[in-house]
Amino acid sequence: MTVSLPLVVVLGLIACGAVKFLGVRIWIVVVIALFGFYLAGTFLAPAIDSGTRSGVEIVNGTHH
């Protein structure tokens, strides 16, 4: 059986777990999320997207 989860859902669950179990403050999560949002508008966005996709393909074992 294969389950497919979007990366954003996985990252959201990790953030919720960090707040609940590690004691990370909510404002830190918000700052990091805003940083990612603004970083997506820079020249680094394509490289980050490509690297993330490559990493997910390596983990999933689906090389094209």
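**Figure 1. Helix α3 and the residue that follows.** Let us start with helix α3, which covers residues 45–60 of this predicted model. The helix has 16 residues. From its first C-alpha to its last, α3 reaches 22 Å, close to the 22 Å expected at 1.5 Å a residue. Just after α3 comes Gly 61, whose phi is positive at about 75 degrees.

**Figure 2. A salt bridge within helix α3.** Staying with α3, this view turns to Asp 49 and Arg 53, which both lie in that helix. They are four residues apart, about one turn of the helix. Side chains of opposite charge can pair when their charged atoms come close. Here the side chains of Asp 49 and Arg 53 meet in a salt bridge, with 3.1 Å from N to O. A search of the whole structure finds one salt bridge. How does each partner sit with respect to the surface, buried, partly exposed or exposed? Asp 49 counts as partly exposed, because its relative accessibility is 38%, a value between the 20% and 50% cut-offs. Arg 53 has a relative accessible area of 53%, so it is exposed.

**Figure 3. Two aromatic rings, Phe 37 and Tyr 38.** The count of aromatic pairs in the model comes to one. The ring centres of Phe 37 and Tyr 38 are 5.3 Å apart, and their planes stand at 75 degrees, so the pair is edge-to-face. The reasoning rests on the angle, because planes over 60 degrees apart count as edge-to-face. Both partners can be placed at the surface too: Phe 37 counts as exposed at 58% relative accessibility, and Tyr 38 is exposed with a relative accessible area of 60%.

**Figure 4. A nonpolar surface patch.** Here you can look over a nonpolar patch of about 890 Å². The residues that make the patch are Val 3, Leu 5, Leu 7, Val 8, Val 9, Val 10, Leu 11, Leu 13, Ile 14 and Val 56. Which helix gives the most to the patch? That is helix α1, residues 7–21, with seven residues. Val 8 is a handy one to pick out: it is placed in helix α1, and its relative accessible area of 64% makes it exposed.

**Figure 5. Ala 15 and Ala 33.** This close-up returns to helix α1, where Ala 15 has its place. Ala 15 counts as partly exposed, because its relative accessibility is 25%. Along the sequence, Ala 15 and Ala 33 are 18 residues apart. In space, their C-alpha atoms are 9.8 Å apart.

**Figure 6. The setting of the close-ups.** To place the earlier views, here is the protein as a whole, with three helices and zero strands. Along the sequence the pattern reads α-α-α. The C-alpha atoms fill a box of roughly 40 × 35 × 15 Å along the principal axes. The radius of gyration is 14 Å, whereas a compact globule of 64 residues would have one near 11 Å. Of the 64 residues, 3% count as buried. The accessible surface comes to about 5,700 Å², and 73% of that belongs to carbon and sulfur atoms.

Note on methods:
Residues are numbered from 1 along each chain as its sequence is written. This is a predicted model: local features need pLDDT of at least 70, side-chain atom pairs count only at pLDDT 80 or more; totals for chains, interfaces and linings use all residues. Side-chain values use heavy atoms; hydrogens and water are left out. Helices (H or I, at least four residues) and strands (E, at least two) are DSSP runs, numbered from the N terminus. The expected span of a helix is 1.5 Å times one less than its number of residues. A salt bridge is a side-chain nitrogen of Lys or Arg within 4 Å of a carboxyl oxygen of Asp or Glu. Buried means under 20% relative accessible area, exposed over 50%, partly exposed in between (1.4 Å probe, protein chains only). Rings of Phe, Tyr and Trp (its six-membered ring) pair if their centres lie within 6.5 Å; planes under 30 degrees apart count as stacked, over 60 as edge-to-face and the rest as tilted. Patches are made of residues with over 30% relative accessible area and no salt bridge: like charges are joined within 9 Å, nonpolar side chains (Val, Leu, Ile, Met, Phe, Trp, Tyr) within 5 Å. Accessible areas come from the Shrake-Rupley method with a 1.4 Å probe; for residues, only the protein chains shown count as cover. The radius of gyration is taken over C-alpha atoms; the globule rule is 2.2 Å times the number of residues to the power 0.38.
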